Each structure stands twice: as C-alpha cells, then as structure tokens.
Amino acid sequence: MSIWAVANQKGGVGKTTTVISLAGSLRRRDRRVLVIDLDPHASLTSYLGLDPESTDDGVFALFQHAAGEQAAGPGRIRSAGEDGIDILPASPSLAVLDRKLGTRQGMGVILRRGLRTLAADYDHVLLDCPPMLGILMVNALAACDRLVIPVQTEFLALNGLRRMLRTLEMIGRSRGQVPDYLIVPTQFDRRTRASAQSLYTLRHEFDPHVWAQYVPVDTRFREASQLGRPLTTLEPASRGAQAYDALCRQLLEMEQTPARGMAS
C-alpha cells in the first residue's frame, strides 16, 4: 500500500483538487483507493457529497479512540460516489485536536498505526492535509511514503511553499528524515505574465523537486466539483484531467525508486 500526502501551508493552491484528481486517475487504473480528509474545513468530505457536520465518526473518531477518549471503533470509512473511491471523512471537530491531544505522547503516529491495519484493503491512500502545522499535518508526514506539494503559480503561493519546506526541514531535524517530495505547479494560466514568472521561479529555485509539467487553469474542475466527481473520471480528455493523469503516471514511476519515508 502506497501513501501519498498532499500538503502546503497555504490555502487555495489545489490540494483537494489534487487529491480527488489523483484518486480518479488511480481508479481508472483499477487501483483500490482510500482518501483521508485531515482538514477541519472538510473540503474533500463535502466534495464527495458527505455532510462534515455529521462525520465525527471519521478522522476525529480515529484520534479520539487512539487517545482513549472514545470506546467506539477507530473511524468509519465510507464509500463515496460512483467512482469507487472510499473516504475517511473530516469534521469541524478536528480543529480542537491540537488543544486536546497535541501534548500527549505518541499522538504524531496515530495515522501511521491506523493505516497498517488497512494494508491488505487498499493499493493507495491519499491524504488531504490542512494548511497549517499541527498534529494532523505531523501525522500525515509521519505516515506518508511520498509528499505532493501543489503550488499555485502566483507570488504569494511561493511564500507558502517556502514555509512548507522550512517545516520539512524542522521535522527532519527532529525525526531524522522527511518524505520524498514533488512540487506540482497548479492553476497555471499561460496568458498571464505573473503565472509565467512564478513557474520560472519555481523551476529555477526548487529544481530538481519540481514536476516537469503543470496543471493548467480549467473551468471543468469547477463543474466536476459540483457533480462530486473527479475530473479525471468525468472528463478524462479535458486539459486538467490529462495533466493530473500525467502526474499520476509520474508518481507511479517514482514508486519504482524506494522512498526514504519518515524515520521511526
């Protein structure tokens, strides 16, 4: 089972779109896919047609159970939509986890331990991370084999990327190693000088970790979200879907090279 985390310490860069699009591409390859929504905003949960206000039995229950504060099962996985994607959903209650559990021993590896029990059930797990450093992002980085960092091709998003990389360095110093990561330029608009300049900066400042391609602006992403479907399965010939399918191929090829992962 491969675990890919999608993270950036800036909102609006395409994290949820990246997770759902890669999940759709994997399903088209007949892979068994689980997505996990770790963001209290629960965008991925809403995208797949679930009500975040009624999903405290998802990720929140997993952490409550691990902390001994809940006797019920450790998180209920649900089937979402017609594309065969399963989800462990988020709820707004996740926002209190740092305050309630952040100082307890062992809280940074709850997700990794929980996913070990699912190794026979899924080929791929994709983690949609919150845009802030805390117990949820730490769990994602501890659990994942690969880290995908979507970066909107605009100036402010580059600052968010720099913060994310400083976070990886900090975690690397305390834990030994960080996951291998791939920076993915998103929302690229070839008509604007700002997008072109941002893409140039990405490739020259952060090479060799930047994906050689990019995800273009595509209004069909909005249409797919309204239908609760990945664009990669809804309209696989669209520009955005083709970009994410190429990214999926790249990540699968990277699996042939052993990832360092997070030190135990």
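Helices (H or I, at least four residues) and strands (E, at least two) are DSSP runs, numbered from the N terminus. This is a predicted model: local features need pLDDT of at least 70, side-chain atom pairs count only at pLDDT 80 or more, and totals for chains, interfaces and linings use all residues. Residues are numbered from 1 along each chain as its sequence is written, and side-chain values use heavy atoms, with hydrogens and water left out.

**Stop 1: backbone oddities**

Select Asp-30. This residue sits in the loop between helix H1 (15–28) and strand S2 (33–37). Asp-30 is not a glycine, yet its phi is positive, about 65°. Is Asp-30 buried or exposed? Asp-30 is exposed, with a relative accessible area of 64%. Buried means under 20% relative accessible area, exposed over 50%, and partly exposed in between (1.4 Å probe, protein chains only).

Now select Ala-42. Look for this residue in the loop between S2 and helix H2 (43–47). Ala-42 also has a positive phi, about 60°, without being a glycine. Ala-42 is buried, at a relative accessible area of 0%.

Go on to Pro-208. Find it in the loop between helix H8 (193–205) and helix H9 (220–227). The peptide bond leading from Asp-207 to Pro-208 is cis, with omega near 10°.

**Stop 2: strand S1**

Select residues 2–6, which form strand S1. Of its 5 residues, 5 are buried, so S1 is largely enclosed by the rest of the structure. Show the side chains. Ser-2, Trp-4 and Val-6 point one way, while Ile-3 and Ala-5 point the other way.

Add strand S5 (residues 124–128), which pairs with S1 in the parallel sense over 5 bridges. Two strands pair if DSSP finds at least two bridges between them. Ser-2 stands opposite His-124 in S5. Then add strand S6 (residues 146–152), paired with S1 in the parallel sense over 3 bridges. Here Val-6 stands opposite Val-148.

**Stop 3: the nonpolar cores**

In soluble globular proteins, nonpolar side chains tend to be buried together. A nonpolar core here is a set of buried Ala, Val, Leu, Ile, Met, Phe, Trp, Tyr and Cys residues joined through side-chain atoms within 4.5 Å.

Which members of the largest core touch the most other members? Select Ile-36, Phe-63, Leu-127, Leu-147, Ile-149, Leu-168 and Ile-183, out of 49 residues. Helix H7 (residues 155–175) gives this core its largest share, 7 residues.

Zoom in on Ile-183. Leaving aside neighbours within four places in sequence, its contacts (heavy atoms within 4.5 Å) include Ile-149, Leu-161, Phe-206 and Trp-211. A second, separate core has 34 residues, among them Ala-23, Ile-87, Phe-221 and Ala-246.

**Stop 4: two packed helices**

Select H1 and helix H11 (residues 239–254). They pack at an angle of about 75°, with axes 9 Å apart. Axes are lines fitted to C-alpha atoms, for helices over the stretch in contact, and angles run from 0 to 180 degrees between N-to-C directions. H1 is therefore roughly perpendicular to H11, a label for angles of 65 to 115 degrees. Residues that meet here include Leu-22 and Leu-26 in H1 and Leu-247 and Leu-251 in H11.

**Stop 5: a long span**

Finish with His-65, found in helix H3 (residues 59–66). His-65 is partly exposed, with a relative accessible area of 32%. Draw a line to Ser-238. The two are 173 residues apart in sequence and 42 Å apart in space, C-alpha to C-alpha.

Key: Angles under 35 degrees count as roughly parallel, over 145 as roughly antiparallel, 65 to 115 as roughly perpendicular and the rest as oblique.
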